[in-house]
Amino acid sequence: MRLSVVICTYERPTLLAALLRSLMGQDGAGDGETEIVVVDNSDGETARPVVEDLVPRAPLPIRYLTAHPANISVARNAGCRGSIGDAVAFLDDDQQVEPGWLMAVRDGLARYPHDVFFGPITPHFEDAAAVTPAARTLFTRLGGQAAGHELFALGRPASQSFVVSTANSIFRRATALRDADPFDPHFGQCGGEDLHLLCRLARDGRRFGWLPEARATDFVPRHRVGTGYLVRRHFAGGQAYAATLIRTSPTPLRDEVIMAAKSLVQIGLLPLMGLTMLRREAPGRSFAIRAAGIVGKLLWRRLYPLYRTEAASLRGS
């Protein structure tokens, strides 16, 4: 089975180079069954020099595409159209794959019937001293389940501690990427385009599986563990979650009313949750993060441009 590894990137050339090198060093990379497709979503084509430098010594094909405007869904869709694999793996440009990742992916595709697979993600924090429980939870995807264990996008059980996303994921093209543009650009500045697709697939009866040996690491810069970023991230996440459930529901009006009612109850219970928060993290930070996620679910109709805001902030700093 041919595999395409699609990497959507935006102004992270150094991190992208590290990810590409980790893929080039995988066992089996040079057998002709794997390709890498880099999709540059930046106006300045900052990834082009990285790809051009690595192509001559890469053991597998690396192709460079551009996608505009800056919108993660636009980039993901371009990667789907520009790749040829029977399966498509998505990696974020701030990730690296660990030894054995490629063989674990191929083994999972051969052994298990699932339509989409997910591997573990271990965060690597730039400033370990600043890490809080909320940040560690947000950027970690770990589990003790065996290979092939069933995962869920909708109605996930308590034993599944993470929300599924495209970070370190593998999709079978024939069953999970059938649409010409599977990712909705409506979510392209906020995030959640992956959850939206996965929830649509779940409602269509597609199955999700766990691959514990397909491990990746995720570089988390200092600013992403700060309270300000975490509050904005959880607000945007709450919006995307509500928008996804309502927009993919067969009874959207009913589910919107239920979502609003639950959110209002959660807001009322926030003061009572303070005692639990005190045991885990600074109460003010925890309260703000939790409240932001709930408010996001109430104000889901106009999605907050998290990605654009973060990029503008970094350019100005």
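Where is the place of glutamine 145? In this predicted model, glutamine 145 is found in the loop between α5 (133–139) and β8 (150–151). With a relative accessibility of 14%, glutamine 145 falls under the 20% limit and therefore counts as buried. Leaving aside residues up to four places away in sequence, glutamine 145 touches Ser159, Gln160, Trp210 and Pro212. For one of these residues, glutamine 160, the C-alpha atom is separated from that of glutamine 145 by 9.2 Å, and the two residues are 15 residues apart along the chain. Alanine 147 was also examined for its distance to another part of the chain: its C-alpha atom and that of arginine 111 are separated by 9.6 Å, with the two positions 36 residues apart in chain numbering. Arginine 111 belongs to helix α4 (residues 101–111), and its relative accessible area of 53% places this residue in the exposed class.

Strand β4 (residues 87–92) pairs with both β1 and β9. The pairing of strand β1 (residues 3–9) with β4 is parallel and comprises 6 bridges; within it, leucine 3 has alanine 87 of β4 as its bridge partner. The pairing of β4 with β9 is antiparallel and comprises 4 bridges, and here valine 88 is matched with phenylalanine 171 of β9. Strand β4 is mostly covered, as 5 of its 6 residues are buried.

Aromatic contacts accompany this strand pairing. The structure holds 6 aromatic pairs. In the pair formed by phenylalanine 90 and phenylalanine 171, the ring centres are 5.6 Å apart and the planes stand at 90°, so the arrangement is edge-to-face. Because phenylalanine 90 lies in β4 and phenylalanine 171 in strand β9 (residues 169–172), this pair ties together parts that are 81 residues apart in sequence. Phenylalanine 90 has a relative accessibility of 0% and counts as buried; phenylalanine 171, also at 0%, counts as buried. Ring pairs link Phe90 and Phe171 with Phe183 into a cluster. The face of phenylalanine 183 is in turn overlaid by arginine 76, at 5.8 Å from the ring centre. A further arrangement of this kind involves arginine 141, which lies over the face of phenylalanine 162 at 5.9 Å from the ring centre.

An open sheet is formed by 3 strands in the order β5-β11-β7, with mixed pairing. Its edge strands, β5 (95–97) and β7 (121–125), each pair on one side only. From one strand to the next, the twist averages 25°. Strand β11 (residues 216–220) is paired with β7 in the parallel sense over 5 bridges, and in this pairing phenylalanine 219 of β11 is the bridge partner of histidine 124. Helix α1 (residues 13–24) lies across β5 and β11 and runs at about 10° to β5.

Helix α11 (residues 306–316) has Leu306, Glu310 and Ala311 as its buried residues. These residues cover an arc of only 125° around the axis, which means that they are on the same side of α11. Arg315 and Gly316 are exposed on the other side of the helix. The packing partner of the buried residues of α11 is α8 (227–247).

Several loop residues carry distinctive backbone geometry. Histidine 68 and proline 69 are joined by a cis peptide bond, with omega about 0°; proline 69 is located in the loop between β3 (62–66) and α3 (72–82). Glutamate 11, although not a glycine, has a positive phi of about 55°. The loop that holds glutamate 11 runs between β1 and α1, and a relative accessibility of 37% makes this residue partly exposed. Asparagine 168 likewise has a positive phi, near 55°, and is a residue other than glycine. This asparagine lies in the loop between β8 and β9. Asparagine 168 is buried, at a relative accessible area of 0%.

Technical notes
Residues are numbered from 1 along each chain as its sequence is written. This is a predicted model: local features need pLDDT of at least 70, side-chain atom pairs count only at pLDDT 80 or more; totals for chains, interfaces and linings use all residues. Side-chain values use heavy atoms; hydrogens and water are left out. Two strands pair if DSSP finds at least two bridges between them. Helices (H or I, at least four residues) and strands (E, at least two) are DSSP runs, numbered from the N terminus. Axes are lines fitted to C-alpha atoms, for helices over the stretch in contact, and angles run from 0 to 180 degrees between N-to-C directions. Contact means heavy atoms within 4.5 Å. Rings of Phe, Tyr and Trp (its six-membered ring) pair if their centres lie within 6.5 Å; planes under 30 degrees apart count as stacked, over 60 as edge-to-face and the rest as tilted. Buried means under 20% relative accessible area, exposed over 50%, partly exposed in between (1.4 Å probe, protein chains only). A charge sits over a ring if NZ of Lys or CZ of Arg is within 6 Å of the ring centre and within 35 degrees of the ring normal. The arc is that of the directions from the helix axis to the C-beta atoms.
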